[in-house]
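Colleague: I'm new to this one and would like a close look at a single part. Could you take me through how two packed helices sit against each other, and then what lies around them in the chain?

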Amino acid sequence: MPLRLLKFAFSKNHPAPRFFRALEQPKKSYDVVIIGGGGHGLAAAYYLAKDHGITNVAVLERGYIGGGNTGRNTTIVRSNYLTPEGVNFYDASVKIYEGLSEELDLNLFYSNRGHFTLAHTESAMRTMRWRAEVNKHVGVESRVVGPDEIAKACPQLDLSCSGHAPILGALYHAPGSIARHDGVAWGYARGADRQGAEIFQNTEVTGIDVQSGKVAGVHTSRGYIATKKVLSAVAGFTPRVTKMVDLDTPIVIHPLQACVTEPMKPWLNSILVSGSLHVYVSQSSRGELVMGSSLDPYEVHSTRSSLDFVEGLTSHMLDMFPFLSNVKIVRQWAGMADMTPDFAPIMGKTPVEGFYLDAGWGTWGFKATPISGKTMAETIANDRAPEMIHSFRLSRFEDYELTGEKGAASVGH
Amino acid sequence: MKLLHCPMNGTRPISEFVFGGEFRDMPDPEASTDKEWAAYVHNRNGAPGLKKEWWYHGPSGTWFIAERNTLTEEVLRTYLFGQETAA
Ligand SMILES: Cc1cc2nc3c(=O)[nH]c(=O)nc-3n(C[C@H](O)[C@H](O)[C@H](O)COP(=O)(O)OP(=O)(O)OC[C@H]3O[C@@H](n4cnc5c(N)ncnc54)[C@H](O)[C@@H]3O)c2cc1C
């Protein structure tokens, strides 16, 4: 738009465009209150408005939007899971992601790279074959490849891993992608705000008012808000929020750490994951290598990062890419992963009427942001969970019907 | 490097230890309903706070109890199971 650009150049006034309104005070009541302004909470607000016309909605965020795990994750999007329910669900998310920049009118830097899960042992190869068959059955493009094909896609990789853990093959998953995580949060926030939802940052929910088994409102750092429907989408804070309504869940919190190198010229196109070496790595659109590892081994509710982590991760990175020895790590951080025993999320209704749960996203929830927002919005609007998320219901534990996805976790836990 | 005090071997690097989860009382399997048993098997006290936990010192094969604040990561004390009062 050259005319607009010209006008802009001559103007002395250049206000940064706001993504959502800066509202002073929440109203006294809303139809739906969403706790947590991460990707999941904001996406739910967006689809409540878009798919169901429910716009009298508040999103309450204790810090700033996207400041939780959404803004701390390594942004790998894939659907090569182990159970048909899981593959189907994550595939639906990948499909939304593919058109999301356009839909939200914001460049999410969604970049399709192809994803290799490296296998260094026979038993890992067996799991890869299993996943490939389940994926193909559901119609998702995954196949087992040998070392030649890996070397062709990534000639820089030392296939013997410095002799420590020779690579036997990999599960190749063509749709594997990365995206700008904060863009996803901000895009959904703008989309929700434009349709009428209200977003409040620095607003913490401190209690939930339950009267005769039904949600009646929430206590917040900015006063009481009446509502009959509350969605908890707070990832690493889930046990604190479920405690407010006396709800027991299997969720435990472990830190998950990540780091990035200084930027380099593009050389790594694929996303590489090694379960045995506890590494996943991709190169961002800024040229940084974005790297993550396995969970910290015990419960801590904190986002402090550690030297042990960087030392361990980088030594394994050097097994794979010895030529990186002079490259510097420039940032490291941690998020709080809400882990479930079967590595599947917990979504849907709960025994407390009007209290909806979107949790148990552990180390895998960024890829599910669009589809979880969509299915939770549907659950809230109809007070009934869609078939697609039936296997993720909280009551699966008392039914002894777990949804085992551990074999599809990115690195050994 | 983080450190932990083993009641048998003194203060050692945390990498020598394995976390065994929160100490919990098992309900009587004969007397509990399926629902109660499922809750015991799956549910955890996930909220942060001061917890009594099982820890294992790998090199010496010692299981013991640590009282630890999972929000601040402070360990109040460690002792062998059953020796709480002596600690
Ligand atoms: C290091 C790391 C790497 C990861 N890598 C990947 C990956 O490659 N691919 C992938 O798919 N997933 C990955 N994940 C997992 C993914 O980041 C999360 O599952 C996902 O971002 C969860 O999104 P969310 O919106 O549910 O939670 P969050 O983004 O954490 O949002 C929850 C929000 O709730 C707010 N909140 C909490 N309590 C309250 C309260 N009482 N009142 C108001 N607000 C509150 C928090 O401040 C927070 O902003 C990774 C996670 C980490 C930590």
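Modeller: Here is a walk through one helix pair in chain A, followed by some sheets and loops. Keep in mind that this is a predicted model.

Let's start with the pair itself. In general, two packed helices are described by the angle between their axes and the distance between the axes. Here the partners are helix 2 of chain A, residues 39-52, and helix 7 of chain A, residues 181-194. Their axes come within 8 Å and cross at roughly 30°. Angles under 35 degrees count as roughly parallel, so helix 2 of chain A is roughly parallel to helix 7 of chain A. As for the hand, the crossing of these two helices is left-handed.

Which residues meet there? From helix 2 of chain A come A:Gly39, A:Leu42, A:Ala43, A:Ala45, A:Tyr46 and A:Tyr47. On the other side, helix 7 of chain A brings A:Ala185, A:Tyr188, A:Ala189, A:Gly191 and A:Ala192. Sorted by character, the residues of this contact are nine nonpolar and two polar, with no charged ones.

Now on to a sheet in chain A. Three strands make an open sheet in the order 9-10-11, and the pairing is antiparallel. At its edges are strand 9 (205-211) and strand 11 (223-226) of chain A, each pairing on one side only. From one strand to the next, the twist averages 25°. Six bridges link strand 9 of chain A with strand 10, residues 214-220. If you want a spot to click on, A:Gly207 stands opposite A:His219 in strand 10 of chain A.

Two loop residues in chain A also deserve a glance. Most residues other than glycine have a negative phi. A:Ala235, though, has a positive phi near 40°, and A:Ala235 is in the loop between strand 12 (229-232) and helix 8 (238-244) of chain A. A:His278 has a positive phi too, about 55°. You'll find A:His278 in the loop between strand 14 (271-274) and strand 15 (279-283) of chain A. With 28% relative accessibility, A:His278 counts as partly exposed.

Finally, a quick look at chain B. Four strands form an open antiparallel sheet there, in the order 3-4-5-6. Strand 3 (17-22) and strand 6 (75-79) of chain B each have a single partner strand, so one side of each is left without a neighbour in the sheet. The twist averages 30° from one strand to the next. Strand 3 of chain B is joined by four bridges to strand 4, residues 50-57, and B:Glu22 stands opposite B:Glu53 in strand 4 of chain B.

Methods. Residues are numbered from 1 along each chain as its sequence is written. Chains are lettered from A and ligands numbered from 1 in the order in which they are written. This is a predicted model: local features need pLDDT of at least 70, side-chain atom pairs count only at pLDDT 80 or more; totals for chains, interfaces and linings use all residues. Side-chain values use heavy atoms; hydrogens and water are left out. Two strands pair if DSSP finds at least two bridges between them. Axes are lines fitted to C-alpha atoms, for helices over the stretch in contact, and angles run from 0 to 180 degrees between N-to-C directions. Angles under 35 degrees count as roughly parallel, over 145 as roughly antiparallel, 65 to 115 as roughly perpendicular and the rest as oblique. A crossing is left-handed if the near helix is turned anticlockwise from the far one by less than a right angle, and right-handed if clockwise. Contact means heavy atoms within 4.5 Å. Ala, Val, Leu, Ile, Met, Phe, Trp, Tyr, Cys and Pro count as nonpolar, Asp, Glu, Lys and Arg as charged, and the others, Gly among them, as polar. Buried means under 20% relative accessible area, exposed over 50%, partly exposed in between (1.4 Å probe, protein chains only).
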